[in-house]
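Let's walk through this model together, from its overall build to its metal sites and its empty spaces. Keep the viewer open and turn the structure as you read.

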Amino acid sequence: GIFDRAFDIAGHHVYSGASVGVVLGRAEYRSPDQVLRDADTAMYRAKAGGKSAWVVFDEAMHAAARARFQLEIDLRLALEREEFRPYFPPIVSRADSRIVAVEALVRWEHPQRGLLVPGEFLHVAYEAGLLAELDWWMLEEAGRHLAAWRRRYPQHAELRVNVNVDERQLGSKQCATDVAAMLERTGLPANALVLEVTESVFRHEHGQVAESLRDLKGIGVQLVVDDFGTGYSSLEAFAASPFDGLKIDRGFVQDMETNRRHRAIVRTVAAFADDLGLAITAEGVETAAQARLLGELGCDSAQGFHFCAPLPAAALEQRLAESAPIPALA
Ligand code: C2E
Ligand code: CA
Ligand code: CA
């Protein structure tokens with residue numbers, strides 16, 4: 001076809017392709033932009049399937065587009081109605097299973113669909129520009145719960161909370177100020193808050209993200225890198241960043257016993273962390289054998305189903321209360 005040949009643009013040979021979305025006229029269409037919207041959807045499907053293809057818009061695409069649209073509407077309502085809940089997987093000291101921290105993971109109590117996990121809605125929140133708002137809400141909730149638990153259970157007065165933050169939050173000039181304000185409101189000390197960020201952030205040596213990280217460090221908040229080992233960042237850039245710790249990704253821990261390469265990565269990362277004086281946490285520990293091996297490799301804290309699944313606030317609090325020593329009679 002015409003796109004098999006090069007175009008001549010100002011003396012340069014330029015090859016181009018075309019992806020085409022086709023819509024068949026239907027009685028339901030009320031306006032031209034509805035037709036274009038569906039043609040667009042089909043065109044993106046064509047693009048996703050490889051170059052230079054054409055795709056006809058069909059019912060399944062229509063249903064998927066509607067579901068996506070509905071999810072976005074529901075997400076906005078959910079923020080308003082506070083349908084999100086933090087679930088807390090304990091982070092334990094590997095040797096004695098003592099809870100040293102909890103992570104806050106978002107769940108959505110959807111009024112019709114039940115409890116949803118992040119994989120079912122976080123990407124839509126991100127694309128719709130709602131993730132930062134959701135994350136700020138989570139941060140506040142996590143801070144509120146933690147401050148209360150530390151007060152209520154003196155034997156857990158040192159408990160910390162890990163909260164996932166998104167690059168967009170760090171991209172805001174207000175980031176550290178907003179975090180400081182949350183700490184003030186909830187009464188949580190700065191060193192009880194651990195922010196988890198993905199490796200992608202320390203690729204920014206300059207700019208607002210780097211500045212926010214320094215400012216957060218400045219107010220005493222701790223920073224850890226989540227899913228360490230899955231990104232493509234340099235160890236140099238990481239070593240130069242203001243981090244206090246790192247979390248080894250579940251993908252390496254999972255098959256550590258049988259996969260020599262992954263075992264080597266865990267060992268190397270643990271040694272690297274140790275040399276730099278960084279705390280290290282292993283994620284996704286599911287068996288006693290994994291927990292033991294992690295100990296041998298020098299990893300002191302861990303989380304995963306072997307220790308405890310993520311718990312809603314009330315259940316986690318129950319755990320904290322149970323590990324309370326019996327108060328002495330006055
Ligand atoms: P993550 O931060 O790496 O969280 C760990 C995920 O692994 C959680 O999934 C947790 O339930 C799961 N997990 C923990 N231990 C085990 C285990 O032993 N075995 C298995 N198979 N899975 C385990 P979840 O809750 O579905 O969260 C998925 C991701 O969504 C999180 O990965 C995090 O990146 C993101 N996320 C969760 N909550 C938030 C949030 O409030 N804000 C942002 N920005 N991201 C969040
Ligand atoms: Ca995390
Ligand atoms: Ca992780």
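Helices (H or I, at least four residues) and strands (E, at least two) are DSSP runs, numbered from the N terminus. Counted that way, the protein chain has 12 helices and 15 strands. The model is a predicted one, in which local features need pLDDT of at least 70 and side-chain atom pairs count only at pLDDT 80 or more, while totals for chains, interfaces and linings use all residues; side-chain values use heavy atoms, with hydrogens and water left out. Residues are numbered from 1 along each chain as its sequence is written, and chains are lettered from A and ligands numbered from 1 in the order in which they are written.

Start with the whole chain. Its C-alpha trace spans about 85 × 45 × 40 Å along the principal axes. Buried means under 20% relative accessible area, exposed over 50%, and partly exposed in between, with a 1.4 Å probe and protein chains only. Of the 330 residues, 42% count as buried. A contact means heavy atoms within 4.5 Å. Among the contacts with a separation of 6 or more, 64% are between residues 24 or more positions apart.

Now zoom in on the metals. Donors are N, O and S atoms within 2.8 Å of the metal (3.2 Å for Na, K and Ca), and sites may look incomplete because water is not among the atoms. Which residues hold the calcium ion (ligand 2)? Its protein donors are E103 (OE), N164 (OD1), E196 (OE) and D226 (OD), at 2.1 to 2.4 Å. Along the sequence these donor residues follow the spacing E-x60-N-x31-E-x29-D. E103 sits in strand β7 (residues 99–110) and D226 in strand β11 (residues 222–228), so this pair ties together parts that are 123 residues apart in sequence. Both E103 and D226 are buried.

D226 also takes you to the next site: this residue bridges the calcium ion (ligand 3) and the calcium ion (ligand 2), which lie 4.1 Å apart. For the calcium ion (ligand 3), the protein donors are D226 (OD), D227 (OD), E283 (OE) and E283 (OE), again listed at 2.1 to 2.4 Å. The donor spacing here is D-D-x55-E. D226 in strand β11 and E283, in the loop between β13 (279–282) and α11 (288–296), link distant parts of the chain, 57 residues apart. E283 is buried, with a relative accessible area of 10%. Leaving aside neighbours within four places in sequence, E283 is in contact with D226, D227, K247, I248, D249, R250, V253 and Q303.

Next come the empty spaces. On a 1 Å grid over the protein atoms alone, a cavity is a set of points where a 1.4 Å probe fits but cannot get out, and a pocket is an open set with protein on both sides within 12 Å along at least five of seven lines; lining residues have an atom within 4 Å of a point. Grid points are joined across faces, edges and corners, and a volume is the space filled by probe spheres set on the points.

The largest pocket has a volume of about 950 Å³. Of its 33 lining residues, E103, L105, N164, D226 and E283 lie nearest its centre, and several of those names are familiar from the calcium donors, including E103 and N164. β7 gives the most to this lining, with 5 residues. Ala, Val, Leu, Ile, Met, Phe, Trp, Tyr, Cys and Pro count as nonpolar, Asp, Glu, Lys and Arg as charged, and the others, Gly among them, as polar. On that basis the lining of the largest pocket has 16 nonpolar, 5 polar and 12 charged residues.

The second largest pocket has a volume of about 500 Å³. R37, H62, A65, R66 and F69 are the closest to its centre among the 15 residues that line it. Helix α2 (59–81) is one of the elements giving two or more residues to this lining, and α2 provides the largest share, 8 residues. By class, the lining has 3 nonpolar, 4 polar and 8 charged residues.

Finally, a search of the whole structure finds 1 cavity of 30 Å³ or more. Its lining has 8 nonpolar, 1 polar and no charged residues, among them W136, L139 and C175.
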